[in-house]
Amino acid sequence: LFDGIYPFYPQQRKVAVFDVSTIIVIVVFLTFTCSFLFIIPGIRGRARLYWTLRVLLSLLVGVVVVAVQFTGDWEIGQVTANTSYKSFSPALVSVNIGLHIGLAGVNITLKGNPVNQVNETIDYNEHFAWSFNADYDHSYGEGLEKGLPSPILYVAEKFSRHSPCSVHRQYRIAGHYASATLWVAFCTWFISNMLFSMPVLVYGGYMLLITGAFMIFSLLSFSSVKSSLMCPIQFGTATLHVGYGGSFWLTLATGLLCFVLGTTVVSLHYFNLDLLKTFFDLREDKADECQEMAEVYVNSQFGNKEL
């Protein structure tokens with residue numbers, strides 16, 4: 001104690017699933033969506049519905065490709081257990097231990113059940129980064145110096161570089177390549193929108209297919225960590241099991257959506273080009289053209305002279 005008060009260690013906290021970067025990405029894409037909704041009443045007829053579908057689907061793909069890189073629920077796990085709270089202390093606490101694995105690091109949550117136990121408030125959320133510009137072992141060492149609860153340090157030690165589990169390198173490399181392929185998918189998504197607006201519809205469909213392919217490649221890269229055996233995380237008789245989380249399945253669904261949209265565009269280009277042009281508001285209405293051509297004004301005086 002320092003003058004009867006526990007020492008305070010400032011620490012950087014990160015929300016398990018959503019952090020500031022994810023919120024910024026969502027706000028930016030919501031701004032684009034709201035801006036489009038303001039101008040959509042100026043589009044007439046069926047084109048209004050077609051424009052709404054195209055823009056909303058495109059923004060949905062874009063926000064997912066960017067946002068999932070900052071989320072922390074690619075793999076998740078949770079367990080309720082009675083375990084020791086501090087080292088060299090026989091006191092047991094009932095806690096919920098959560099594990100949230102992202103592309104750039106891992107979040108470990110510890111919440112008491114109830115929250116107030118052993119004269120303390122048990123509610124922790126600690127982030128340990130393993131990206132190429134971060135030092136996981138340094139973050140783990142800082143956790144030891146801060147005196148974090150034993151369950152958090154026990155789980156964090158499983159992912160350290162010198163752990164017998166040997167999963168640190170696999171997660172670090174898999175997350176790095178998954179993030180890289182997602183950025184490539186974002187670039188191809190942007191190019192597809194440019195091609196649709198030029199308009200070069202069939203090539204935009206091809207770029208959508210490439211976008212979906214790179215999203216699937218990112219999933220394959222991240223799932224490669226399953227090839228290595230994960231050390232069991234035991235808390236007495238309870239075991240913390242880890243499975244794919246929301247970001248993984250959302251990326252898979254969006255990648256399949258890109259495949260469906262790209263295949264539809266390419267198929268319509270070869271089998272029903274008029275319908276594709278109608279959807280992209282490029283079809284010329286022949287009836288209107290004929291009506292406009294019929295309205296011709298002739299100078300009567302000039303006609304009489306010729307006669």
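A residue counts as partly exposed when its relative accessible area lies between the limits for buried, under 20%, and exposed, over 50%. In this predicted model, R161 has a relative accessible area of 44%, so R161 is partly exposed. The report turns to the salt bridges of the chain and then to the packing of its helices.

**Salt bridges**

The count of salt bridges comes to two. The table sets out the pairs.

| Pair | N to O distance | Location of the partners |
|---|---|---|
| K86 and E120 | 2.7 Å | K86 in the loop between β1 (75-84) and β2 (92-101), E120 in strand β4 (residues 120-129) |
| D137 and R161 | 3.9 Å | D137 in helix α3 (residues 136-146), R161 in the loop between α4 (150-158) and α5 (168-197) |

The salt bridge of K86 with E120 has its closest N and O atoms 2.7 Å apart. K86 belongs to a loop and E120 to a strand, so this pair ties together parts that are 34 residues apart in sequence. K86 has a relative accessible area of 37%, which means that K86 is partly exposed.

In the other salt bridge, the side chains of D137 and R161 meet at 3.9 Å, N to O. This pair links distant parts of the chain, a helix and a loop, with D137 and R161 24 residues apart.

**Packing of α1 with α2**

Helix α1 (residues 20-39) packs with α2 at an angle of about 170°, and the axes of the helices are 10 Å apart. Angles over 145 degrees count as roughly antiparallel, so α1 is roughly antiparallel to α2. On the side of α1, the contact is made by T22, V25, I26, F29, F32, T33 and F36. On the side of α2, it is made by W51, T52, V55, L56, L59, G62, V63, V66 and A67. By class, twelve residues of this contact are nonpolar and four are polar, with no charged residues.

**Packing of α2 with α7**

Helix α2 (residues 46-67) also packs with helix α7 (residues 246-271), here at an angle of about 140° and with axes 10 Å apart. This angle makes α2 oblique to α7. The crossing of α2 past α7 is left-handed. From α2, the residues L57, L60, V61 and V64 meet L250, T254, L257, C258 and L261 of α7. This contact comprises eight nonpolar residues, one polar residue and no charged residues.

Key. Residues are numbered from 1 along each chain as its sequence is written. This is a predicted model: local features need pLDDT of at least 70, side-chain atom pairs count only at pLDDT 80 or more; totals for chains, interfaces and linings use all residues. Side-chain values use heavy atoms; hydrogens and water are left out. Axes are lines fitted to C-alpha atoms, for helices over the stretch in contact, and angles run from 0 to 180 degrees between N-to-C directions. Helices (H or I, at least four residues) and strands (E, at least two) are DSSP runs, numbered from the N terminus. Angles under 35 degrees count as roughly parallel, over 145 as roughly antiparallel, 65 to 115 as roughly perpendicular and the rest as oblique. A crossing is left-handed if the near helix is turned anticlockwise from the far one by less than a right angle, and right-handed if clockwise. Contact means heavy atoms within 4.5 Å. Ala, Val, Leu, Ile, Met, Phe, Trp, Tyr, Cys and Pro count as nonpolar, Asp, Glu, Lys and Arg as charged, and the others, Gly among them, as polar. A salt bridge is a side-chain nitrogen of Lys or Arg within 4 Å of a carboxyl oxygen of Asp or Glu. Buried means under 20% relative accessible area, exposed over 50%, partly exposed in between (1.4 Å probe, protein chains only).
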